[in-house]
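Visitor: I am new to this molecule. Please show me the whole thing, then take me to a single spot for a close look.

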Amino acid sequence: MHQNSGIAEILLGSLAETYLMIPVLFLLYFILEYFSHTKQLDIVSKLKISGPLGPLAGTLLGIIPQCGMSVFVTTLYLSKRVTLGTLIATYLATSDEALPVLIANSGQENTILYIVGLKLLIGTITGYAVDLLLNKKMYEGEPPAVNSSHVVEIKHELEKTKYKEIAIHTLKRTLRIYFWVLLVTIALSFLLYFADGERLISSVQSHPNIQVIIAALFGLIPNCAASIAIAEAFLHTGLSIGATVAGLSTGAGFGPIVLFKDGNLKFAFQALLISLVAAIFWGYIINYYF
């Protein structure tokens, strides 16, 4: 009976963790396709996400406490609409469920502003550094195969298309992405159900440098339980601010799930490796100075 209760809790928790991304993704994708096909307007370029302001725009999107943003920018990257630097900036700025956990604890207002400010700097600086060092590198793999002639993420078409057709395709696209996010989230939730992430992170409390690496690796798990564990470890077990920021910087929400599912594994690992190295680097810098 207890086991069945645990399974039901995991399934319901996974649904609660992910369902809010459906309306967000549907709205974002619908706007992209609607304006592209009916107004002959490229919203991505208009908002400067694909231009020189890309890393800054990606960082600002990542700061919004909604994991659908990292998924959205991932699909733009896979369709060769934004640079690798913009993708990395978005990933580093994403905080998953950590901010709500911190907000729920009274007296943490300054800490929240501090962490958000650091992630703004980290995302923006790292994003521009990646673009500078890699010459604004775009995705070099094959774009995801989609069975539609009206797909804004594959190519920019200017012909007229019906409102209903855009809505149907947008819904299919949103549900396809959501299905894989939910599936992986459930699988990871079962794994984390048997592990105590908070205890694992706090077990190296006397070694702040090791803390940074452990927290950054733990943050790579695309599940809100990871970011919650990091936030709780910071609040209750003395996890250093550098390790906390490092762990929350690698916690890129559900974007990496889409990156590995729809993208080339080589480029997916490249993006996550850059994010990991950057998060560890900044974690050490923060611990050293603060």
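Visitor: Where is Asn135 found?

Guide: Asn135 is found in the loop between H8 and helix H9 (163-193). Before going on, a word on the model: it is predicted, local features need pLDDT of at least 70, side-chain atom pairs count only at pLDDT 80 or more, and totals for chains, interfaces and linings use all residues. Residues are numbered from 1 along each chain as its sequence is written, and side-chain values use heavy atoms, with hydrogens and water left out. Helix names such as H8 follow DSSP runs, numbered from the N terminus (helices are H or I, at least four residues; strands are E, at least two).

Asn135 has a phi of about 55°. That value is positive, although Asn135 is not a glycine. Most residues other than glycine have a negative phi. Is Asn135 buried or exposed? Asn135 counts as exposed, at 67% relative accessibility. Here buried means under 20% relative accessible area, exposed means over 50%, and partly exposed lies in between (1.4 Å probe, protein chains only).

Lys80 also has a positive phi, near 65°, and is a residue other than glycine. Lys80 sits in the loop between H5 and H6. Its relative accessible area is 38%, so Lys80 is partly exposed.

Now step back. The protein has 15 helices and 0 strands. It has 290 residues, and 53% of them count as buried. Its accessible surface is about 13700 Å² (Shrake-Rupley method, 1.4 Å probe). Carbon and sulfur atoms hold 68% of that surface. Take the contacts (heavy atoms within 4.5 Å) with a separation of 6 or more. Residues 24 or more positions apart make up 82% of them.

From the loop of Lys80, move on to helix H6, residues 84-93. Here 10 of the 10 residues are buried, so H6 is largely enclosed by the rest of the structure. Among them are Leu84, Gly85, Thr86, Tyr91 and Ala93. What do the buried residues of H6 pack against? They pack against H4, helix H5 (68-78), helix H8 (109-133), H13, helix H14 (255-262) and H15.

H4 spans residues 54-63 and is mostly covered. Of its 10 residues, 8 are buried. They include Gly54, Pro55, Thr59 and Ile63.

H14 holds Asp262. With a relative accessible area of 13%, Asp262 is buried. Leave aside its neighbours within four places in sequence, and Asp262 is in contact with Leu78, Pro144 and Arg176.

H15 takes part in several packings. Start with H6. The axes of H6 and H15 are 10 Å apart, at an angle of about 55° (axes are lines fitted to C-alpha atoms over the stretch in contact; angles run from 0 to 180 degrees between N-to-C directions). That makes H6 oblique to H15. Angles under 35 degrees count as roughly parallel, over 145 as roughly antiparallel, 65 to 115 as roughly perpendicular and the rest as oblique. H6 passes H15 in a right-handed crossing (the near helix is turned clockwise from the far one by less than a right angle). On the H6 side, Leu84, Leu87, Ile88, Tyr91 and Leu92 make the contact. H15 brings Gln270, Ala271, Leu272, Ile274, Ser275 and Ala278. These residues divide into 9 nonpolar, 2 polar and no charged (Ala, Val, Leu, Ile, Met, Phe, Trp, Tyr, Cys and Pro are nonpolar; Asp, Glu, Lys and Arg are charged; the others, Gly among them, are polar).

Next comes H13, residues 241-250. Its axis and that of H15 come within 7 Å and cross at roughly 160°. H13 and H15 are therefore roughly antiparallel. This crossing is right-handed. Residues of the contact include Ile241, Val245 and Thr250 of H13, and Ser275, Ala279 and Ile286 of H15. They divide into 7 nonpolar, 6 polar and no charged.

Last is H11, residues 208-219, against H15, residues 265-289. Their axes lie 9 Å apart, and the angle is about 150°. H11 and H15 are therefore roughly antiparallel. H11 passes H15 in a right-handed crossing. Pro208, Val212 and Leu217 are among the H11 residues in the contact, and Ile280, Tyr284 and Asn287 among those of H15. The contact divides into 8 nonpolar, 3 polar and no charged residues.
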